[in-house]
Amino acid sequence: MTLPADIRDLVLFPVIIFNFLFCAGDAHAERESMLYPAGPAAEQIARIWWEMLIVYGIVFVVTMLFVVLALVVRRREHPVLGSRFVFISGIGIPTVILVVMLISSIHSTVEMGKVPADFHIKVQSHHWWFAVSYPDHGIVDANEIHIPVKKVVQFELLSHGVVHSFWVPRLGGKRDMLPDHPTELRLAADKPGVYRGTCTEYCAGPHALMTFRLIAHEPEDFDKWLALQSRPPPVPTDPQLRQGRDVFLQQGCAACHAITGISESDTGPDLTHLGSRITLGAGTVDNTKGNLSGWIANPQSIKPRNMMPPSYLSPNDLHAVVEYLRSLQ
Ligand code: CUA
């Protein structure tokens, strides 16, 4: 069930005010709310939410009317409403309502699990970022997930370390990411777009800055993306880019980060196609030249308590490595 946007906005108004007051803004978030579903699983969840809001809202109003009635009606020798009424309205009706809502929720959960998957993606959470791989295509990425629209994607979720949780509010429910115990989640997007995802299990440190972007493409755009990502980055010929690659290899970056063809570590995010990403630091800042320079020089000033140490590069070397990384499309 989808209500008109202005009614949803009316209900959301207090939440929006709260967000403005207490939550950080996000340029890419659009309406990051499960009340704006953009996929079949999220539609089911939003439907349950509206059903519950309406039914329990009516229950609340009726209960309050009886409270008011009890306060204003003068006590009489014989009670206005007998004990039979109390049993029916206090036990019978709530039991029926709760059973109906339970059946509705179970039905939706079963329906969501029935849909066969068209595509597989593996996501592994780390302190405090997401490694993303496409096992059928040999592609490794980080903090960005690309999917074709209207295809059911089966996510295999795993954690390295502590429990994290995977949630794209506009596409479906959340699922915990556990160490040594893979969990699964199926999602699909109805429309192309950028959907914000986040870790929803408190995992200490910069938990609040552990986000990702799910980008849904039209099928032809998705095929282009797959083709681009399947190619290793070209060997740089430009002197500055070559200097940047040498800085990457010689100044310690390669000890944590992989770039296909030149380094292999999976301690930090894979950087093979860093230049094509939207954000840096798992959704913390936009991927701009200035932010990338700032991140390499002092990542703790942008995302405190993340695992990357500062680099002590000369301005010339910093500029070269930034240009090199930005060339990795
Ligand atoms: Cu990872 Cu919270």
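Is Lys 289 buried, partly exposed or exposed? In this predicted model, Lys 289 is partly exposed, with a relative accessible area of 40%.

## Salt bridges

The structure holds five salt bridges. Side chains of opposite charge can pair when their charged atoms come close. One of the five involves Lys 289, whose partner is Glu 323; the closest N and O atoms of this pair are 2.8 Å apart. Because Glu 323 belongs to helix α8 (residues 315-326) and Lys 289 to helix α6 (residues 289-297), the pair ties together parts that are 34 residues apart in sequence. Glu 323 has a relative accessibility of 17% and therefore counts as buried, whereas Lys 289 is partly exposed.

A further salt bridge links Lys 224 and Asp 221, with the closest N and O atoms 3.9 Å apart. Both residues lie in helix α4, three residues apart, which is about one turn of the helix. Lys 224 is exposed at a relative accessible area of 58%, and Asp 221 is partly exposed at 35%. Asp 246 likewise forms a salt bridge, its partner being Arg 245, with the closest N and O atoms 3.7 Å apart. The relative accessible area of Asp 246 is 30%, so this residue is partly exposed.

## The five-stranded sheet

Five strands make up an open sheet with mixed pairing, in the order β3-β2-β1-β5-β8. Its edge strands are β3 (139-142) and β8 (183-187), each of which pairs on one side only. On average, neighbouring strands of this sheet are turned by 25° against each other, direction ignored. Helix α4 (residues 219-230) packs on the sheet and touches β1, β2 and β3; the direction of the helix makes about 100° with that of β3.

Strand β1 (residues 119-126) pairs with strand β2 (residues 129-134) in the antiparallel sense, over five bridges. With strand β5 (residues 153-159), β1 runs parallel and is joined by seven bridges. Val 123 has a partner in each of these neighbours: Val 132 stands opposite Val 123 in β2, and Leu 157 stands opposite Val 123 in β5. Ser 125 has Phe 130 of β2 as its bridge partner.

## The β1-β2 hairpin

How many residues does the hairpin use to join β1 to β2? The connection runs through two residues. Trp 128 is placed in this loop between β1 and β2, and the peptide bond from His 127 to Trp 128 is cis, with omega near -5°.

## Aromatic side chains

A search of the whole structure finds eight aromatic pairs. In the pair of Phe 222 and Trp 225, the ring centres are 5.9 Å apart and the planes meet at 20°, so the pair is stacked. A pair of aromatic rings is described by the distance of the centres and the angle of the planes. Phe 222 and Trp 225 both lie in helix α4, three residues apart, or about one turn of the helix.

Both side chains of this pair fall under the 20% limit for burial. Phe 222 counts as buried because its relative accessibility is 3%, and Trp 225 is buried with a relative accessible area of 8%. Together with Phe 119 and Tyr 134, Phe 222 and Trp 225 form one aromatic cluster. Elsewhere, a ring meets a charge: the charged end of Lys 174 sits over the ring of Trp 167, 4.3 Å from its centre.

## Residues with positive phi

Which backbone angle is positive at Asp 180 although this residue is not a glycine? The angle is phi, with a value of about 60°. Asp 180 has its place in the loop between β7 (175-177) and β8, and a relative accessibility of 75% means that Asp 180 counts as exposed.

Arg 305 also has a positive phi, of about 75°, although Arg 305 is not a glycine. The place of Arg 305 is in the loop between α7 (299-302) and α8. With a relative accessible area of 57%, Arg 305 is exposed.

Key:
Residues numbered from 1 in each chain as written. Predicted model: local features only at pLDDT ≥ 70, side-chain atom pairs only at ≥ 80, totals over all residues. Heavy atoms only, no water. Pairing = 2+ DSSP bridges. Helix = DSSP H or I, 4+ residues; strand = E, 2+ residues; numbered from the N terminus. Axes fitted to C-alpha atoms, helices over the stretch in contact; angles between N-to-C directions. Contact = heavy atoms within 4.5 Å. Phe/Tyr/Trp six-rings, centres within 6.5 Å; stacked < 30°, edge-to-face > 60°. Buried < 20%, exposed > 50% of the residue type's maximum accessible area, 1.4 Å probe, protein only. Lys NZ or Arg CZ within 6 Å of the ring centre and 35° of its normal. Salt bridge = Lys/Arg side-chain N within 4 Å of Asp/Glu carboxyl O.
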